[in-house]
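Please look over the sequence and the model below before reading on, and keep both at hand while following the text.

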Amino acid sequence: MEPPERPREKVAIVQVNRLGLRLTLCLAAALCAILGAFSYRVITLWERAHMEAAILETERFADTIKRSMESSMRRKEIRTLSEIIAAVGHQKGVEWVRMMNQEGKIIFSTNTQEIGAVVDKKAESCDLCHLDGKLVKSLEHTERSRILGRAGAHRVLATVDPIYNSRSCARADCHGAPSEQSVLGVLDVAVSLEATDALIRASTATIVGYGLVAVVLICLFVGLFLWWSVSRPVSALVAATTRVAAGDFASAIPIEGSDEIALLGRSFNSMTSSLRAADEKLHQLNESLERRIAHATRELTDSQAQIMRAEKLASVGRMAAGVAHELNNPLTGVLTFAHLVARKMPEGSTERADLEVVISETKRCAKIIRDLLQFARQSQPDRRPEDLGALIRQALLLLQHQADFFNIDVAVDIDPQLPRVVVDAGQITQVLINLVQNAVHAMPDGGTLQITASLRPAAHGAIDTVAVVIRDTGCGIAPENISKVFDPFFTTKEPGKGTGLGLSVSLRMIESHGGTMDIASTLGAGTQVTVALPVGDCGDMRRQA
């Protein structure tokens, strides 16, 4: 079964639709039209030149024959005249030579059979001299020749040369023509145009052949030029465009030259560079967005965990507050009776020493219960304008006689122009004592405790704050524990030396005053706690020196 023809037609159409091929075909058509018109003109001029040369040669030939015949006729050498005509008629290319008188009777001819015959004056060979049946006495040079065509044969060039009645002819007695008769007859000579036509055909074929060869060579050169300069870079551009459409923005085409195609290639490479940069930026944005989403997801998860933990701690706190309240009364009774029994024991006895231990541990339990109740209680503080520097000194005065302060260097720097703050003096003093005790406990082998208090002006109309910074050179806090230090019951101290409620209670008190508490610590280098309290309505009241 033969394959269908339509696919081949499609392939042909696709090939014709190529830009280079279409330009080549258009150029070929234009060249064929131009060279065809030029060749036609050249062939026409060439043919005219050959025909004029043939006519001139024939007329010269006829004139030579006429002069020979006139000489023979003056000498009355009729036989010689016949021999001349016969000899001329045998030359190659001569069709006929004949002489006719005024009435059209053939006197001499290379064809002896037509001698004596009278030609028709209306025939093609006579209409040049006998126009409308009347004898034309003179013919111009261009009117003497004619081309006669023969069916199935070559063309013939015939020329007529009138024989005029000269003075020598009028005196002669050979034909006795009167002197008034201007034309005695005509000499009709015909030569073959076969060689001339062959030369014209050969010249025509040569011109047409060279023209076609020129068209083919020019089209071939132009086609190669178009393929190299247009089709090849355009094909590369199309291939690169296909790759870019597939997502390959690294595609680039080589640039050759500085023409419009090269300019288009540079524009394409610039476009791919911009697309590649945009694609990379888009990937970076996607990656950044993914990281942000992952970070937000983790924060949301952590927030949910913190909310659950806060709810759990709230429940534990409420339960612990209830338990602490229930334990407070029995502990008060134990502590009271322990004091009574201890007074009855002699000084230095073992029983008294044991009771002192019971009293000490009972007091510690009572303190834990009070801190727990204070943490669970959410009462509003009793705020009054206070001198924060005086509160700091009072807290240090209460603690400086403890044994833990013996190896500690204390440096206090309080701004003398520090404004008063509206606070609950008891709560702020308790916060300062807790923070100083924590700093001292972080330096068991001694160190430096720095306490500074200064005014921090706020920007953009916000409320000014008084900042108290407590800095120690102790052991510091591990990074993983920084976020846990404000959690209730969290402590890094040894068992029995801390309840884990000091910072939680302190943070609750500072926040109830509208302040903030921040902790920064470096493990092995020390810890810094910053307490910021807003300056209230009495913030413009300066402490008196």
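The paragraphs that follow go from the chain as a whole to its strands, its salt bridges, its aromatic pair, its cysteines and one loop.

What is shown here is a predicted model, in which the chain has 10 helices and 14 strands. Of the 545 residues in the chain, 32% are buried, and the accessible surface of the chain comes to about 34200 Å². Carbon and sulfur atoms account for 58% of that accessible surface. If one takes the contacts in the chain between residues at least 6 apart in sequence, 65% of them join residues at least 24 apart.

A useful place to enter the fold is strand S6, which covers residues 156–164. Eight of the nine residues of S6 are buried, and the strand is therefore largely enclosed by the rest of the structure. Strand S6 has pairing partners in S5 and S7, and each can be described in turn. Strand S5, made up of residues 145–148, is joined to S6 by four bridges, and these two strands run antiparallel. Within this pairing, Arg146 stands opposite Ala158 of S6. Strand S7, residues 183–192, is joined to S6 by nine bridges, and here too the strands run antiparallel. In that pairing Asp161 has Leu187 in S7 as its bridge partner.

The side chains of these strands lead on to the charged groups. How many salt bridges does the structure hold? There are five, and among the residues involved, Arg98, Glu114, Arg146 and Asp188 are linked in a network of salt bridges. One end of the description can be taken at Glu114, whose side chain meets that of Arg98 in a salt bridge with an N to O distance of 3.4 Å. This pair links distant parts of the chain, since Glu114 lies in the loop between strand S2 (106–109) and strand S3 (130–131), whereas Arg98 belongs to strand S1 (residues 94–101), with their positions 16 residues apart in the numbering. Both Glu114 and Arg98 are buried.

Arg98 also takes part in a salt bridge with Asp188, where the N to O distance is 3.1 Å. Here the link runs from strand S1, which holds Arg98, to strand S7, which holds Asp188, and the two residues are 90 residues apart. Because its relative accessible area is 10%, under the 20% limit, Arg98 counts as buried. For Asp188 the relative accessible area is 0%, so this residue is buried as well.

Asp188 in turn meets Arg146, and their side chains form a salt bridge at 3.4 Å, N to O. This pair links strand S5, the place of Arg146, with strand S7, the place of Asp188, across 42 residues. Arg146 counts as buried because its relative accessibility is 8%. The residue that stands opposite Ala158 in the strand pairing is thus also a member of the salt-bridge network.

Aromatic side chains offer another point to examine. The structure holds one aromatic pair. Its rings belong to Trp227 and Trp228, and because their centres are 6.0 Å apart and their planes stand at 50 degrees, the pair is tilted. Is this pair made of buried or partly exposed residues? Trp227 counts as partly exposed because its relative accessibility is 45%, and Trp228 is likewise partly exposed, with a relative accessible area of 48%.

The cysteines can be considered next. A disulfide is a covalent bond between the sulfur atoms of two cysteines. A search of the whole structure finds zero disulfides. Among the cysteines, Cys26 counts as exposed because its relative accessibility is 54%, whereas Cys475, at 48%, counts as partly exposed.

The last stop is a loop position. Where does Pro479 lie? Pro479 is placed in the loop between strand S12 (465–472) and helix H10 (502–512). Its relative accessibility is 64%, so Pro479 counts as exposed. The C-alpha atom of Pro479 is separated by 9.5 Å from that of Ala520, a residue 41 residues away along the chain.

Notes
Residues numbered from 1 in each chain as written. Predicted model: local features only at pLDDT ≥ 70, side-chain atom pairs only at ≥ 80, totals over all residues. Heavy atoms only, no water. Phe/Tyr/Trp six-rings, centres within 6.5 Å; stacked < 30°, edge-to-face > 60°. Buried < 20%, exposed > 50% of the residue type's maximum accessible area, 1.4 Å probe, protein only. Contact = heavy atoms within 4.5 Å. Areas by Shrake-Rupley, 256 points an atom, 1.4 Å probe, with all protein chains shown as cover. Pairing = 2+ DSSP bridges. Disulfide = S-S within 2.5 Å. Salt bridge = Lys/Arg side-chain N within 4 Å of Asp/Glu carboxyl O.
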